[in-house]
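Q: I would like a close look at a single part of this structure, the sites that a database record marks. Please say also how far the model can be trusted and what else is worth knowing around it.

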Amino acid sequence: MSLQMVTVGNNIALIQPGFSLMNFDGQVFFFGQKGWPKRSCPTGVFHFDIKHNHLKLKPAVFSKDSCYLPPLRYPATCTFKGNLESEKHQYIIHGGKTPNNELSDKIYIMSVVCKNNKKVTFRCTEKDLVGDVPEGRYGHSIDVVYSRGKSVGVLFGGRSYIPSAQRTTEKWNSVADCLPHVFLVDFEFGCSTSYILPELQDGLSFHVSIARNDTIYILGGHSLANNIRPANLYRIRVDLPLGSPAVNCTVMPGGISVSSAILTQISNDEFVIIGGYQLENQKRMVCNIISFEDNKMEIREMETPDWTPDIKHSKIWFGSNMGNGTIFLGIPGDNKQVVSEAFYFYTLKCAEDDVNEDQKTFTNSQTSTEDPGDSTPFEDSEEFCFSAEANSFDGDDEFDTYNEDDEEDESETGYWITCCCTCDVDINTWVPFYSTELNKPAMIYCSHGDGHWVHAQCMDLAESTLIHLSEGSNKYYCNEHVEIARALQTPKRVLPLKKPPLKSLHKKGSGKIITPAKKSFLRRLFD
C-alpha cells in the first residue's frame, strides 16, 4: 500500500464529509457539496482531476433536457446496466441530505449523453416510484442484482428524521433508524416493493454492501437504537422468475464490527476494507481483505498502510473509493496553525496492478451519521461509492473554469509536500526552519506556466520575504524561471508624488489674494 498527500486548488472548500465519487469510463466525478449550490455549478457535480498528486475540480456540463439535481450529501449510489453484457452504465442516486438539511426521497438517474475531447455532458432524469416507496433517508445502500436475465435494485438500511408528529423545536433534527425492510426497485417501470425478512432485526446504517450476481452481502453497520456495531454478516439472495420475486436472507459467521468503512476492489474476487469506526470515539485502524471463491466468502486481516501521525491522531476521517484499488481520504486540518486548511487529503493505493473490473460485481457503503459541524466529532463520518477504474487524466484541460468569485477567498499559499524537481529539502527528516512552520515545510507558489509549489527553504528565502510573497496577488518566480519570466514580474510599487495643497500658496499676512486664473496656472505647473 502507498499513501500520498494530495494538494487541492482554490475549490478545497467544496470537499466536505458526505460527498460521492462517480466513475464514467475512467473519469471520476465529484458529487455533493456542503452549503447552498453555487451559481457556476448549481448541481454540485465536478470533474475530479488528479495529476501529479494535485487535485483540480472543474464544473460538469448537463444537457438542456436534464432535471435539477441538488447537491445531495450522504446519498446511496450505485451503477446500473440493462444487462451484464452491456458496457455502458448509468448511475442511480437515492436519498441524501439537501442543502437545507432535509432528506430526499427521490431517485435520480445520471447518464453520459456526449463525450468530446474528454469533455463529458450528462443527462439527469428523476424517476417516479409507485408502490412501497422508501422514505427519505441517508446512510443506506442501494445495489443492483441480476437474475434470469433481469435486474432489480435493492435498497436497505439508513436513517431518517423522526416522524413529523414527534418533531419539536428541540428535536427537529433528531434521527432514528429506518425499519429493517428490504426494498426491491424496478428502475424500468418505477415499481417498489417492501419485504420483511425475520433475520434482519435492526435498521443498520453505514454498513458495507457488496453485490455479486443475484446476491448482496451486508457487512457491519451501526444500530442507533442500541448504539452498537454488531459483527453481523448477512447474505440476501434475490430470485427473479416470471412471477413475483423471491427474497431470502441468511446469517453468516465471520463478520466484523465496523461502521462507515471504505471498500475498494483490488481484483475480480478480492476487496479491501479501509477505515471506519469500531467504537463511537475510536477509529478502526485494522484493514481487512475479503475474498470470494466458489460462492464462499472469507474475511481476514491484512497489513495496514503506513499511516501518517496526522491520520493516526485525527478523531475523524472520511473519503470515498476512486476505483482501481485507490481510496481518497480526508482528515481535519491542524487548528494549531495560524492559517490552517479545513481538511487535508490523501490517496491510498491498495493495489499496484490495474483492476480487471468484473462486470458482475459492484460494491457500496454509506456515509457518516452527521456532518462534523452538526454533531460530535466522534460520529461516523465516512462514505463509500462504487468500485470502478479511475485512471490518470491526460490532455489539456477543456472544462469550464470554476468561478472563484462565488467562493470565499481561498489562498493558494500553504504548507504542502510537493515541490520542484531541484528541491533539496528532505521531508522525511524535516525539522522546523521558520517560525511559521508547524508541521510542514513552508512553501511559496511559482507562477511560471501552470504553476508549481517550491519550498521556501530550498530557495534560500528569508522568513520576511516568505510572508511578503504569501500576501496579496504578487507573482513569484523561482530561481529556475526568474530569468525567462522577468518581464512578467510585478513591478515595484512607486509612491505617488505629494502635491502641495492650494491653501499653502496663500502667504500668511501678505494680504495678497490669488485669483482663479493664477490658481489654474499653478495647478498645471505642479501637475
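**Confidence, a sheet and an annotated site**

A: Let us begin with a caution about this predicted model: over residues 367-416 the pLDDT stays under 50, although the model has 193 contacts beyond four places in sequence for that stretch. Residues 355-362 also stay under 50 in pLDDT, and for them the model has 32 contacts beyond four places in sequence. Where pLDDT is low, the predicted coordinates should not be read in detail. The protein as a whole averages a pLDDT of 77, with 72% of the residues scoring at least 70.

With that in mind, we can turn to the part you asked about. The unreviewed UniProt entry places the feature "binding site" at Cys446, His452, Cys478 and His481. These residues are spread over 36 residues of sequence, yet they cluster in space, the largest C-alpha distance being 11.2 Å.

Two of the annotated residues can be followed in more detail, beginning with Cys478, which is found in the loop between α2 (463-469) and α3 (516-526). Its relative accessibility is 0%, and because residues under 20% are called buried, Cys478 counts as buried. When residues up to four places away in sequence are not counted, Cys478 touches Cys446 and His452, and it also touches Val454 and Met459.

His481 likewise has its place in the loop between α2 and α3. Its relative accessibility is 13%, so His481 also counts as buried. Leaving aside neighbours within four places in sequence, His481 is in contact with Cys446, His448 and His452. Cys446 and His452 therefore appear among the contacts of Cys478 and also among those of His481, and both are named in the record's annotation.

For a wider setting, the model also holds an open sheet of 8 strands, in which the order is β2-β3-β4-β5-β1-β29-β28-β27 and the pairing is mixed. The strands β2 (20-24) and β27 (318-323) stand at the edges with a single partner strand each, so one side of each is left without a neighbour in the sheet. From one strand to the next, the twist averages 35°. Within this sheet, strand β4 (residues 45-51) and strand β5 (residues 54-59) run antiparallel and are joined by 6 bridges, and Lys51 stands opposite His54 in β5.

Definitions and conventions:
Residues numbered from 1 in each chain as written. Predicted model: local features only at pLDDT ≥ 70, side-chain atom pairs only at ≥ 80, totals over all residues. Heavy atoms only, no water. pLDDT = per-residue confidence, 0-100. Contact = heavy atoms within 4.5 Å. Pairing = 2+ DSSP bridges. Helix = DSSP H or I, 4+ residues; strand = E, 2+ residues; numbered from the N terminus. Axes fitted to C-alpha atoms, helices over the stretch in contact; angles between N-to-C directions. UniProt positions renumbered as here; feature names shortened; annotations may be inferred. Buried < 20%, exposed > 50% of the residue type's maximum accessible area, 1.4 Å probe, protein only.
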